[in-house]
Amino acid sequence: MTKSKEIIDGMTMKRTLTRMTYEIIERNKNIDNVVLIGIKTRGIFIANRISQRLKELEGHDIPVGELDITLYRDDHHVADDTEPILNATNVLFPIDGKEVILIDDVIFTGRTIRAALDAIMDIGRPSKISLGVLVDRGHRELPIRPDYIGKNIPTSKTEQVVVRMTEVDELDSILLKSKN
């Protein structure tokens, strides 16, 4: 039996993203050189929301790209007919010399971020890459640490963090699912 518990509601998520936006402003003196790249799927929505908030607060349009890391994952070695690999990366601006902030919803082992770093380096050569995540749940397998963290949510390895966003789930919330 799986039990779910809402640990963050829509209003708290909005506050969390606003706080992350302020941290980005504080740490980046030249916001004009910053670009956001969201990891599909929910990382893109988070990046878009942060970009919109940056525009409201700073008056700058910060470009947002979409990164599909499917081809770079270390757990998908062979493509077959039952699981087609689609590369839906959509970065329509140069990243050479830019300060890229990579955005994802949850960081767990770090393997998704490792794949994203490989994908970014195939696109261009940024001057710096930072990482922003809505939730850090721990249990890293790789030496990867986010620069911007919405919430630290300690979990067991058997628990699952589920981020729901209005754009795909019709509401904003973060659930902690456990098997009991």
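A search of the whole predicted model for aromatic pairs returns 0 hits. A ring contact of another kind is present: Arg 137 lies over the face of Phe 108, with a distance of 3.9 Å from the ring centre.

**Parallel sheet**

Five strands make up an open sheet, and their pairing is parallel. Read across the sheet, the order is S3-S2-S4-S5-S6. Strand S3 (64-67) and strand S6 (148-152) are at the edges; each has a single partner strand, so one side of each has no neighbour in the sheet. On average, neighbouring strands of this sheet are turned by 25° against each other, direction ignored.

Within the sheet, strand S4 (residues 99-107) pairs with strand S5 (residues 128-136) over 8 bridges in the parallel sense. Ile 107 has Asp 136 of S5 opposite it.

UniProt, in an unreviewed entry, lists residues 100-112 as "short sequence motif: PRPP-binding". Over residues 100-112 the chain is 62% strand and 15% helix. The end C-alpha atoms of that stretch are 16 Å apart.

**Antiparallel sheet**

Another open sheet has 3 strands in the order S1-S8-S7, with antiparallel pairing. Its edges are strand S1 (2-8) and strand S7 (160-164), each with a single partner strand, so one side of each is left without a neighbour in the sheet. Here neighbouring strands are turned by 30° against each other on average, direction ignored.

S1 and strand S8 (residues 173-179) run antiparallel and are joined by 6 bridges. In this pairing Thr 2 stands opposite Lys 179 of S8. H1 packs on this sheet and touches S1, S7 and S8.

**Helices on the sheets**

Helix H1 (residues 10-27) also lies across S4, S5 and S6 of the parallel sheet. Helix H2 (residues 42-58) lies across strand S2 (34-39), S3, S4 and S5. The table gives the angle of each helix to a strand.

| Helix | Strand | Angle |
|---|---|---|
| H1 | S6 | about 150° |
| H1 | S1 | about 50° |
| H2 | S2 | about 155° |

Two packed helices are described by the angle between their axes and the distance between the axes. For H1 and H2, the axes come within 9 Å and cross at roughly 65°. The crossing in which H1 passes H2 is right-handed.

Which residues of H1 and H2 meet? From H1 the residues are Met 13, Leu 17, Thr 18, Met 20, Thr 21, Tyr 22, Ile 24 and Ile 25. From H2 they are Ile 46, Arg 49, Ile 50, Arg 53, Leu 54, Leu 57 and Glu 58.

**Backbone details in loops**

Most residues other than glycine have a negative phi, and most peptide bonds are trans. Two places in this model depart from that pattern.

The peptide bond from Lys 40 to Thr 41 is cis, with omega near 5°. Thr 41 is placed in the loop between S2 and H2.

His 139, although not a glycine, has a positive phi of about 70°. The loop between S5 and S6 holds His 139.

Conventions. Residues numbered from 1 in each chain as written. Predicted model: local features only at pLDDT ≥ 70, side-chain atom pairs only at ≥ 80, totals over all residues. Heavy atoms only, no water. Pairing = 2+ DSSP bridges. Helix = DSSP H or I, 4+ residues; strand = E, 2+ residues; numbered from the N terminus. Axes fitted to C-alpha atoms, helices over the stretch in contact; angles between N-to-C directions. Contact = heavy atoms within 4.5 Å. UniProt positions renumbered as here; feature names shortened; annotations may be inferred. Phe/Tyr/Trp six-rings, centres within 6.5 Å; stacked < 30°, edge-to-face > 60°. Lys NZ or Arg CZ within 6 Å of the ring centre and 35° of its normal. Left-handed = near helix turned anticlockwise from the far one by under 90°.
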